[in-house]
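Biologist: Got a minute to walk me through this one? I'd like to poke at a few spots.

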Amino acid sequence: MDEPRNYLYISNMQPDRDTIRNYNLFGETSELPDVVHCETIETRSQVHDWEFRPHRHARLHQFLLIEAGGGTADFDGREVALAPGTAISVPAGHVHGFSFLPGTQGWVVTLTSDLLDNCLRSGEGLRPLLAEPRTVPCTPDLRRLIQRIFTEYDGKGFARAQVLRSQAGSLLGLMARAIVAVADDAEAGRHHPLFRRFEALVEEVFRERIP
């Protein structure tokens, strides 16, 4: 497929946590050269000896699925164990690092912040759920979708870009659904679309002092 897919992440991560670097997938450019970017966990990890020191992506949101193996994730200094069947959401701007067990297998799908903005609508409750790093059990629907995204990404079919954009929107929805499924009742209620619309209405009219 297109040559830019062969480019590597620019890994300018530093050995100490006092210096957390920002970087993009493809050097100085702020956008992906494709609608999304897909790669396997092992492709990148083998190059870096299965270790990714804490770093952040300014405008890229990443989703990972651990298929086999595992390891640990570092989210803003919080260590989280990663087991097979774990789905991971890493929002743009959040410091994160990974220490994978050698031979770990899985997938990584990267979306731009612009694509998220185009897919997400205010008041629907998805954006707050996707605004913090999360790990959740991967649902069968989410796993199948990620596999379909990889298949579409590697193909050359007509309307490929449109299909990838649509699949990216579904990925956001299914990830948010998986997060709600493991949230407690209080958190799930805060993110319910009805509650989000109520919050937006209060923000809009609070100065009118409606009783």
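**Walking through the model**

Modeller: Sure, starting with alanine 181: this residue is exposed, with a relative accessible area of 64%. Keep in mind that the model is predicted.

Biologist: Which element is alanine 181 found in?

Modeller: Alanine 181 sits in helix α5. Its C-alpha atom is separated by 9.5 Å from that of proline 137, and the two residues are 44 apart along the chain.

Biologist: OK, the sheet next. What's the strand order?

Modeller: The order is β1-β8-β3-β6-β9, five strands in an open sheet with antiparallel pairing. At the edges you have β1 (37-40) and β9 (134-137), each of which pairs on one side only. From one strand to the next, the twist averages 15°.

Biologist: How many bridges link β1 and β8?

Modeller: Four bridges, with β1 and β8 (residues 105-112) paired in the antiparallel sense. Within that part of the sheet, threonine 40 stands opposite tryptophan 107 in β8.

Biologist: And which helices pack there?

Modeller: Helix α4 (residues 140-154) lies across β1, β3 (60-68), β6 (86-90) and β8, and it runs at about 70° to β8. Helix α5 (residues 160-182) packs on the sheet too, touching β3, β6, β8 and β9. The direction of α5 makes about 80° with that of β9.

Biologist: Let's stay with β3. Is β3 mostly covered or mostly open?

Modeller: Mostly covered: seven of the nine residues in β3 are buried. On one pairing, β3 and β8 share eight antiparallel bridges. On another, β3 and β6 pair in the antiparallel sense over four bridges.

Biologist: What stands opposite phenylalanine 63 in β8, and what in β6?

Modeller: In β8, the residue opposite phenylalanine 63 is valine 109. In β6, phenylalanine 63 has serine 89 opposite.

Biologist: Switching topic: how many aromatic pairs does a search of the whole structure find?

Modeller: Four aromatic pairs turn up. One of them joins phenylalanine 75 and phenylalanine 98, edge-to-face, at 6.4 Å centre to centre with 90° between the planes. Phenylalanine 75 lies in strand β4 (residues 71-75) and phenylalanine 98 in strand β7, so this pair ties together parts that are 23 residues apart in sequence.

Biologist: Are phenylalanine 75 and phenylalanine 98 buried or exposed?

Modeller: Both are buried. Phenylalanine 98 also forms a stacked pair with phenylalanine 100, at 5.3 Å centre to centre and 10° between the planes. Phenylalanine 100 is buried as well.

Biologist: Which residues make up the aromatic cluster?

Modeller: Phe52, Phe75, Phe98 and Phe100 form one cluster.

Biologist: What about histidine 96, where is that one found?

Modeller: Histidine 96 is in strand β7 (residues 96-100).

Biologist: Why does histidine 96 count as buried?

Modeller: Because its relative accessible area is 1%, and buried means under 20%. A polar atom of the histidine 96 side chain lies 2.9 Å from the backbone oxygen of histidine 94.

Biologist: What is histidine 96 in contact with, leaving aside neighbours within four places in sequence?

Modeller: With that filter, histidine 96 is in contact with Arg53, Pro54, His55, Arg56, His57, Gln62, Asp74, Phe75 and Val90. Note that Phe75 belongs to the aromatic cluster too.

Biologist: Next, the cysteines. How many disulfides does the search find?

Modeller: Zero, across the whole structure. Cysteine 38 counts as buried, at 8% relative accessibility. Cysteine 119 counts as partly exposed, at 27%.

Biologist: Last topic, backbone angles. What is phi of aspartate 49 near?

Modeller: Near 55°, which is a positive value in a residue other than glycine. Aspartate 49 is found in the loop between α1 (41-47) and β2 (51-55).

Biologist: Why does aspartate 49 count as exposed?

Modeller: Because its relative accessibility is 59%, and exposed means over 50%.

Biologist: And where is aspartate 76?

Modeller: Aspartate 76 is in the loop between β4 and β5 (78-82). Phi of aspartate 76 is near 55°, again a positive value in a residue other than glycine. Aspartate 76 is partly exposed, with a relative accessible area of 43%.

Conventions: Residues numbered from 1 in each chain as written. Heavy atoms only, no water. Disulfide = S-S within 2.5 Å. Buried < 20%, exposed > 50% of the residue type's maximum accessible area, 1.4 Å probe, protein only. Pairing = 2+ DSSP bridges. Helix = DSSP H or I, 4+ residues; strand = E, 2+ residues; numbered from the N terminus. Axes fitted to C-alpha atoms, helices over the stretch in contact; angles between N-to-C directions. Contact = heavy atoms within 4.5 Å. Polar contact = N/O pair within 3.5 Å; in protein donor to acceptor, adjacent residues only side chain to side chain. Phe/Tyr/Trp six-rings, centres within 6.5 Å; stacked < 30°, edge-to-face > 60°.
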